[in-house]
Amino acid sequence: GISLWAMLAAIAAQSLAFHAPRTAPPSDRSARAVPPSLGWLGGAASLTDEAKAARAREEALVSWLQDNDVYMSPQSGWGRAGHPLRVESDTSDDFEPSGRGLIARRSIIQNERLLEVPGRLVMTKARAQEVLGAAVPEEMGEYIALALLLVHERAKGSASMWAPYIGVLPSIEDVGPSYAWAEAELALLKGSGALDSTRSFQAKLQAEYAALRETTLARHADVLPADVVTYDAFVWGMTMLLSRGVDLKDEDAATGQLGLVPYADLLNHSPYSSSNFMYQSIPFSKQREVVLYADRPYAANDQVLISYGQKSNAELLLLYGFVVDRNRFDEVELRVALAEDDERYGEKAAFLASVGLTAAQAFPLLIDRYSNELVQFLRLCCASPSEGPLSTLSFTEPLSLANERAVFEALRAGCQLALEKYPETEEEDAKLMGNAAMFATLSRRQRMAVKLRRNEKRILLRTIRVCEQELAEFDVSEARL
């Protein structure tokens, strides 16, 4: 079956199938000298024991970073500007708490260096191979290698060089990815392809761990004992990687690599950011560092953000435990299939096979558009015998008025079918979200589920409206004939 890592490269946002009609209907159908001034290290008054412990861990992380040459002083030093960022312990986005974040201390210009982290602090597959040796062969994937390294180092406690960093990493519960939700919480995703994606991902994690137990853990129990690399520990390690790992653009390699970068992983997400982490050589040195450059100007007190990638809300919820209301990459995946009782089914299936396609295909619907490929596929699905041999047709253009009408009727029907799979309507979700007092009583996961499914329904409803506009224009055109 498909590997977990291939799945990470292409996670389904929705899986809703419908069959296109067999043919067109009749035409009438309608830096340390000065200590860093960090927002998270405020006064100790009125702190609970838990908060005091958290503060102690945060202070330990700052000291560790500075001891390892991460410049964090706001004061300018010899030949370098002051560090432009400060850490804020509580940030928010879309009126939802988003945890710690990095805030601009002053105005920042585009392409300015925002932070620099020495390469020796970065967790990569190469470091996993150095630490774990033969337990991490070259063919092992980056995610598995880093998860094992992270679990191994956590078990070492204070003996780990990364102990101060690991000490501030969150729990799975804190992150809240949908694959760690309880069944009652997952029930709130009924109708959404996010539910199927979550269940599939859970199965992939279980299968991946089972394979690890039979191979790596069985062969290297001296380095990775079973009582350390438990399933729960493995999932925690994977959760840290999936929610905090960054793609390091390597100046000395054709492709990037996965890394856990202490301090840098405090940056939160914006789908509109275009910042990149560069893994580059330090001039006049054999050492390397991770550098982040500003993708745009920032005003003082702006939160500095990076993009976790062009991900739909279903992907964000699956991997990071949140959704974005104004997500330009949100989508609903609609599956379209040839109708098996279409009199031209064999001909159409053979034609699709000749161009490397199957009789069922998935297409994304976005809030402002759908793909040309979807329309072309539907034109084929709806082609009647009167349209002529398929090999003579150009599906990039309308085949006929009747065929084009059938295309938009099929698309509308597919969206309506998708909407019927949700127990609640878009209006009900909108009403719930509109009642701020009521909505605030829901748990964070419940709110995320409602936001996700409501945004998916908005995409489907907008596509239906577009189809109806197209069909109305066909009516006008036919009346003129």
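The exercises below, each with a worked solution, concern a predicted model.

Local features require pLDDT of at least 70 and side-chain atom pairs count only at pLDDT 80 or more, while totals for chains, interfaces and linings use all residues. Residues are numbered from 1 along each chain as its sequence is written, and side-chain values use heavy atoms, with hydrogens and water left out.

**Exercise 1. The chain as a whole**

Task: State the secondary structure content, the buried share and the exposed area of the chain.

Solution. Step one: the chain has 17 helices and 13 strands. Helices (H or I, at least four residues) and strands (E, at least two) are DSSP runs, numbered from the N terminus. Step two: of 481 residues, 50% count as buried. Buried stands for under 20% relative accessible area, exposed for over 50%, and partly exposed for what is in between (1.4 Å probe, protein chains only). Step three: about 22400 Å² is exposed by the chain, and 51% of this comes from carbon and sulfur atoms. The areas come from the Shrake-Rupley method with a 1.4 Å probe; for residues, only the protein chains shown count as cover.

**Exercise 2. Nonpolar cores**

Task: Find the largest nonpolar core and the residues with the most contacts inside it.

Solution. Step one: a nonpolar core is a set of buried Ala, Val, Leu, Ile, Met, Phe, Trp, Tyr and Cys residues joined through side-chain atoms within 4.5 Å. Step two: the largest core has 88 residues, and Leu115, Leu189, Phe234, Tyr263 and Phe277 have the most contacts inside it. Step three: a second, separate core has 34 residues, including Leu338, Leu365, Leu393 and Cys415. Step four: take Leu115. Residues up to four places away in sequence not counted, Leu115 touches His83, Leu85, Leu102, Tyr263, Ala264, Leu267, Val290, Val291 and Leu292. Contact here means heavy atoms within 4.5 Å. In soluble globular proteins, nonpolar side chains tend to be buried together.

**Exercise 3. Packing of α4 and α10**

Task: Describe the geometry and the residues of the contact between α4 and α10.

Solution. Step one: α4 spans residues 142-155 and α10 spans residues 231-244; they pack at about 115 degrees with axes 8 Å apart. Axes are lines fitted to C-alpha atoms, for helices over the stretch in contact, and angles run from 0 to 180 degrees between N-to-C directions. Step two: the crossing of α4 and α10 is right-handed. A crossing is left-handed if the near helix is turned anticlockwise from the far one by less than a right angle, and right-handed if clockwise. Step three: α4 contributes Tyr143, Ile144, Leu146, Ala147, Leu150, Val151 and Arg154, which meet Ala233, Phe234, Trp236, Gly237, Met238, Met240, Leu241 and Leu242 of α10. Step four: by class, the contact holds 13 nonpolar residues, one polar and one charged. In this division Ala, Val, Leu, Ile, Met, Phe, Trp, Tyr, Cys and Pro count as nonpolar, Asp, Glu, Lys and Arg as charged, and the others, Gly among them, as polar.

**Exercise 4. Ser171 and Asn327**

Task: Place Ser171 and Asn327 and list what each touches, residues up to four places away in sequence not counted.

Solution. Step one: Ser171 sits in the loop between α5 (163-166) and α6 (172-175). Ser171 counts as partly exposed because its relative accessibility is 30%. Step two: Ser171 touches Trp236 and Met240. Its C-alpha is 8.7 Å from that of Thr239, 68 residues apart in sequence. Step three: Asn327 belongs to the loop between α11 (313-320) and β11 (331-337). With a relative accessible area of 6%, Asn327 is buried. Step four: Asn327 touches Pro271, Lys311, Ser312, Asn313 and Leu316.

**Exercise 5. Positive phi**

Task: Where do Phe284 and Asn301 lie, and are they buried or exposed?

Solution. Step one: Phe284, not a glycine, has a positive phi of about 60 degrees. Phe284 lies in the loop between β8 (277-281) and β9 (288-293) and is exposed, with a relative accessible area of 92%. Step two: Asn301 has a positive phi near 75 degrees. Asn301 lies in the loop between β9 and β10 (303-306) and is exposed, at 54%.

**Exercise 6. Buried helix residues**

Task: Locate Leu378, Lys348 and Glu426.

Solution. Step one: Leu378 is in α13 (residues 372-381) and is buried at 0% relative accessible area. Step two: Lys348 is in α12 (residues 345-354) and counts as buried, at 0%. Step three: Glu426 is in α15 (residues 426-434) and counts as buried, at 13%.
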